[in-house]
Amino acid sequence: MAGHNGWPYANVPLEVVGWAVRDRATLQWTDNFVDVYVNIREGAPQCAEPCGRFFNQNGQYPNCPGGVARHYDMSLWLTAGMGGGAGGDWGQRIGSEYYVGALNSENIHILLHEIGHSFGLDDFYDWTPTGVGGFIMKAGSATQITEFDAWMLRDWWRHLKARYGY
Ligand SMILES: [Zn+2]
């Protein structure tokens with residue numbers, strides 16, 4: 001996206017700002033340099049909703065202990081026994097067994113697909129353009145982000161950039 005059609009970012013930094021656990025002792029460190037949430041929702045550890053962007057869409061975090069400075073934008077919600085995944089503006093949810101088993105993979109393709117949803121891309125099953133083999137947003141047809149996925153994101157930007165003053 002960098003350099004394409006007025007896209008305003010040269011890069012998008014990623015920072016892990018919190019961990020959610022069932023039991024604090026799971027973590028093999030004791031400092032709280034990043035926030036640790038001992039919190040369960042729907043049977044899986046989840047970061048605290050008062051600190052999540054999805055749950056505070058006005059940008060205020062009055063019930064987050066660290067306020068705006070300690071909020072998170074997205075969460076990766078690992079869920080034991082979950083097949084497939086889910087993704088949205090709140091983050092991604094995938095099976096913890098799948099994720100741990102794929103940690104050494106260059107492309108954790110279900111996660112890539114769900115991150116696509118987090119960035120606004122829809123499932124795209126209606127048709128496959130001529131000359132395109134598969135792509136990550138057509139689940140099961142590709143195991144890595146393809147040039148066609150990049151064009152889906154460019155198209156999203158083409159339609160929505162005016163909303164953001166570009
Ligand atoms: Zn999907």
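These questions and answers concern a predicted model.

Me: Which atoms of the protein are donors of the zinc ion, and at what distance do they lie from it?
Reply: Two histidines and one aspartate take part. Their spacing along the chain is H-x3-H-x5-D. The donors are His113 (NE2), His117 (NE2) and Asp123 (OD), lying 1.9 to 2.1 Å from the zinc ion.

Me: How many residues apart in sequence are the parts that His113 and Asp123 tie together?
Reply: His113 lies in helix H2, residues 109-118. Asp123 lies in the loop between H2 and helix H3 (147-160). The pair therefore ties together parts whose separation in sequence is 10 residues.

Me: Is His113 buried or exposed?
Reply: Buried means under 20% relative accessible area. His113 has a relative accessible area of 7%. Asp123, at 38%, counts as partly exposed. His113 is therefore buried.

Me: What is the order of the strands in the open sheet?
Reply: The sheet has 3 strands, and the pairing is mixed. E5 and E6 (85-88) each pair on one side only, as edge strands. The twist from one strand to the next averages 10 degrees. The order is E5-E7-E6.

Me: Which residue of E7 stands opposite Trp77?
Reply: E5 (residues 75-79) and E7 (residues 91-95) run parallel, joined by 5 bridges. Ser75 in E5 stands opposite Gly91. For Trp77, the residue opposite is Arg93.

Me: Which residues form the uncovered face of E5?
Reply: The covered face of E5 holds Ser75, Trp77 and Thr79. The uncovered face holds Leu76 and Leu78.

Me: At about what angle to E7 does H2 run?
Reply: H2 is the helix that holds His113. H2 lies across E5, E6 and E7. Its angle to E7 is about 155 degrees.

Me: Which helix gives the largest share of the largest nonpolar core?
Reply: This core has 8 residues: Leu112, Leu121, Phe135, Ile136, Met137, Phe148, Met152 and Leu153. The largest share is 3 residues, and the element that supplies them is H3. Apart from this core lies another, of 7 residues, including Tyr37, Cys51, Tyr61 and Cys64. For the largest core, the helix asked for is H3.

Me: Leaving aside neighbours within four places in sequence, which residues is Leu153 in contact with?
Reply: Leu153 belongs to the largest nonpolar core, as does Leu121. Beyond those sequence neighbours, its contacts are Met1, Phe119 and Leu121.

Terms used:
Residues are numbered from 1 along each chain as its sequence is written. This is a predicted model: local features need pLDDT of at least 70, side-chain atom pairs count only at pLDDT 80 or more; totals for chains, interfaces and linings use all residues. Side-chain values use heavy atoms; hydrogens and water are left out. Buried means under 20% relative accessible area, exposed over 50%, partly exposed in between (1.4 Å probe, protein chains only). Helices (H or I, at least four residues) and strands (E, at least two) are DSSP runs, numbered from the N terminus. Two strands pair if DSSP finds at least two bridges between them. Donors are N, O and S atoms within 2.8 Å of the metal (3.2 Å for Na, K and Ca); water is not among the atoms, so sites may look incomplete. A nonpolar core is a set of buried Ala, Val, Leu, Ile, Met, Phe, Trp, Tyr and Cys residues joined through side-chain atoms within 4.5 Å. Contact means heavy atoms within 4.5 Å. Axes are lines fitted to C-alpha atoms, for helices over the stretch in contact, and angles run from 0 to 180 degrees between N-to-C directions.
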